[in-house]
Amino acid sequence: MKKVLGALAITAVFAASAFAELKFSGYVRAGYSMNLDQLDTDGNGKTDTAESTTKVWQAGDYFGAGTRSRLNFAWTNEDKSAGFDGRLQYSGASESWSLDKISYAQAYVKPFDGNITVAAGKLRDVYFVSDGWEGFTVIHGTSGFQAAFTPTFNDALKGLAIGGGANVDFLSDVNDGTDDDGNPIKKHRAAKNGVFFAGKYSNDLFNVASQFSLAGAFFANAGVNLKDTGLAVQAEFAHQGGTALSNNWAGYKVSTVAAENIAVLWAEYTGVDNLTAGVTAYLFLADINDSTTGIATVNPAVRYDINSDIAASVEGTVHFSPLWDKKKIGAEAADVYVTVVPAIYLKATSNAEVSIWGKISSDTDQEHHAVGTGVIFNF
């Protein structure tokens, strides 16, 4: 505790002396909802009452997805050649709120007029993360170092980033003696699994990105940059027996995806004032014995800001059950079911609003009806 208090005190003094360069941002999302007819309180095998929860700030996979709270902080020196940044966030996995999840915390330097960046710590993927809906990366949130070459001295090379590094998260642990209590001391064994390579290129017309970890994780992304339109095709893979990506990309676009191997299509159009229309499509290709194998979803969504005080949205998700093993979802479950989430937003300011929403499911055995309200505040 003394070490923690000391570190906080040093941080406070440092922040006070360089306040102009220390920046904070983030958001808080909070909600209350009820999943209707979900709990079986009398043990007769039939649901008979609603479940109350604060884990969801808004239903839906397009407008409602995302972490519940986030605090970003960053500091740079005067010429932007060195600094540090970090993020604390709460995913919403439990009812109890706490900001004890460190998404990343790294220090970096930029020699050679900023054409090279070297960072170490719990890494943030700045240069190689995919530009699509999910924001895939094998780097973000892993502990180690990364180096990126981002040439700015040649117009033809602008938009290019290549590099790599190493992390310890994908390494195996070995015993190195015991501590005073007789417990084994775990240490990381240096191995090729810690090494990763990455590359990305983007310009006004298109973007491509790819990363490969020798631990067995890989992603590829291609996107087209059109006026008022975002479009991307993404794929993420982890070979059987290799180390999964373990949601290292969570914290960019946070997904409910649990599969190791996944293909994603995303498109969004914002060419009409106050209108956002988008669609995502997923194909989950985990190991054939996994319960999510072959599941696909399609999620169209639209939101319209009627005026400065009120907005409305609706999204639907079509769930396709496991394509080659219906037994995994039960004989009575539908092969395909749909959820629809309408919502109304009341906007207090440009950075704060409250939502009132409902969720309707065509198969309540697989997903329940729900109602709820939520508040979001950005700072």
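Which side chains meet in a salt bridge at 2.7 Å, N to O? In this predicted model, they are the side chains of K200 and D131, one of the eight salt bridges that the structure holds. The protein chain, with 379 residues, has one helix and 21 strands, and the points below take up its overall make-up, its nonpolar cores, its salt bridges and some individual residues.

**Overall make-up**

- Buried residues make up 37% of the residues in the protein chain, while the area that the chain exposes comes to about 20000 Å², with 61% of it supplied by carbon and sulfur atoms.
- Among the contacts in the protein chain with a separation of 6 or more, 49% are accounted for by residues that stand 24 or more positions apart.

**Nonpolar cores**

- The largest nonpolar core has 19 residues, and within it Y62, I262 and Y282 touch the most other members.
- Strand 15 (262-269), strand 16 (275-284) and strand 19 (336-349) each contribute at least two residues to this core.
- Another core, which lies apart from the largest one, consists of nine residues, including F128, I139, A161 and A198.

**The salt bridge between K200 and D131**

- K200 belongs to strand 11 (residues 195-202), whereas D131 sits in the loop between strand 6 (116-122) and strand 7 (143-149), so the pair ties together parts that are 69 residues apart in sequence.
- The two partners can be set side by side in their accessibility: K200 has a relative accessibility of 11% and therefore counts as buried, whereas D131, at 35%, counts as partly exposed.
- The cut-off behind the assignment for K200 is that buried means under 20% relative accessible area.

**Other salt bridges**

- R303 forms a salt bridge with D305, in which the closest N and O atoms are 3.2 Å apart, and R303 and D305 are both buried.
- This pair is part of a wider arrangement, in which salt bridges that share partners join R303, D305, K347 and E353 into one network.
- The side chains of E367 and K359 also meet in a salt bridge, at 3.1 Å from N to O, and here too both E367 and K359 are buried.

**L265 in strand 15**

- L265 lies in strand 15, and with a relative accessibility of 42% this residue counts as partly exposed.
- The C-alpha atoms of L265 and G132 are separated by 8.3 Å, although the two residues are 133 residues apart along the chain.

**Loop residues with positive phi**

- K80 is not a glycine, yet K80 has a positive phi of about 65 degrees.
- The place of K80 is in the loop between strand 3 (69-76) and strand 4 (82-90), and K80 is partly exposed because its relative accessible area is 45%.
- F112, likewise not a glycine, has a positive phi of about 55 degrees.
- F112 is found in the loop between strand 5 (102-109) and strand 6, and with a relative accessible area of 63% F112 is exposed, since exposed means over 50%.

Note on methods. Residues are numbered from 1 along each chain as its sequence is written. This is a predicted model: local features need pLDDT of at least 70, side-chain atom pairs count only at pLDDT 80 or more; totals for chains, interfaces and linings use all residues. Side-chain values use heavy atoms; hydrogens and water are left out. A nonpolar core is a set of buried Ala, Val, Leu, Ile, Met, Phe, Trp, Tyr and Cys residues joined through side-chain atoms within 4.5 Å. Buried means under 20% relative accessible area, exposed over 50%, partly exposed in between (1.4 Å probe, protein chains only). Helices (H or I, at least four residues) and strands (E, at least two) are DSSP runs, numbered from the N terminus. Contact means heavy atoms within 4.5 Å. Accessible areas come from the Shrake-Rupley method with a 1.4 Å probe; for residues, only the protein chains shown count as cover. A salt bridge is a side-chain nitrogen of Lys or Arg within 4 Å of a carboxyl oxygen of Asp or Glu.
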